[in-house]
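Look at the chain below and follow its backbone from one end to the other. The paragraphs after it take up the strands and the turns between them.

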Amino acid sequence: SYNFDGQCQYVLARETNGRFRILSENVPCGSSGRVCAKNLLIESDGVTIDLMRDRPILVNNVELENFRSEPTTF
């Protein structure tokens with residue numbers, strides 16, 4: 001269990017060689033003084049996926065249009 005209470009960006013996961021990492025940015029939410037995750041950034045091999053509530057997904061700062069979530073089988 002971890003607490004991420006501050007208003008800043010946290011590294012949630014990363015690969016030791018630096019090719020992959022997941023970041024979370026926390027901001028104040030509501031009037032209670034609590035903080036909430038504003039967005040998640042997933043970075044891998046020069047590609048950045050930016051996930052933020054109430055905003056389209058960005059891939060390398062380009063908005064995805066008509067995005068649909070579908071299961072992927074490997």
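Start at one pair of residues: isoleucine 49 stands opposite valine 59, which belongs to strand S5. Strand S5 covers residues 58-59 and is joined to strand S4 by two bridges, with the strands running antiparallel. Between S4 and S5 lie five residues, and the two strands form a hairpin. In this hairpin aspartate 54 takes a positive phi, near 60 degrees.

With that pair located, step back to the whole chain. The model is a predicted one. The protein has six strands and zero helices. Read from the N terminus, the order of its elements is β-β-β-β-β-β.

Now go back along the chain from S4 to the strand before it. Strand S4, residues 47-52, pairs with S3 in the antiparallel sense, and six bridges connect the two. Strand S3 spans residues 35-44 and contains leucine 40. One facing pair here is asparagine 39 and methionine 52, the latter in S4. S3 and S4 also form a hairpin, with two residues between the strands. Aspartate 45 in this hairpin has a positive phi near 50 degrees.

Closer to the N terminus is another pair of strands. S1 (residues 9-14) and S2 (residues 20-28) are paired over five bridges, again in the antiparallel sense. Arginine 14 is placed opposite arginine 21, a residue of S2. Five residues separate S1 and S2 in their hairpin, and the turn includes glycine 18, whose phi is positive at about 85 degrees.

What of the side chains? In a regular strand they alternate between the two faces of the sheet. In this protein, Leu12, Leu40 and Leu51 form a nonpolar patch on the surface. Together these three leucines have about 210 Å² of accessible area. Why does leucine 40 count as partly exposed? Its relative accessible area is 32%, and the partly exposed class lies between the buried limit of 20% and the exposed limit of 50%.

The remaining values describe the protein as a whole. It has 74 residues, and 12% of them count as buried. The exposed area is about 6,200 Å², of which carbon and sulfur atoms supply 49%. Among contacts with a separation of 6 or more, 10% are between residues 24 or more positions apart.

How values were computed
Residues are numbered from 1 along each chain as its sequence is written. This is a predicted model: local features need pLDDT of at least 70, side-chain atom pairs count only at pLDDT 80 or more; totals for chains, interfaces and linings use all residues. Side-chain values use heavy atoms; hydrogens and water are left out. Helices (H or I, at least four residues) and strands (E, at least two) are DSSP runs, numbered from the N terminus. Buried means under 20% relative accessible area, exposed over 50%, partly exposed in between (1.4 Å probe, protein chains only). Contact means heavy atoms within 4.5 Å. Accessible areas come from the Shrake-Rupley method with a 1.4 Å probe; for residues, only the protein chains shown count as cover. Two strands pair if DSSP finds at least two bridges between them. Patches are made of residues with over 30% relative accessible area and no salt bridge: like charges are joined within 9 Å, nonpolar side chains (Val, Leu, Ile, Met, Phe, Trp, Tyr) within 5 Å. A salt bridge is a side-chain nitrogen of Lys or Arg within 4 Å of a carboxyl oxygen of Asp or Glu.
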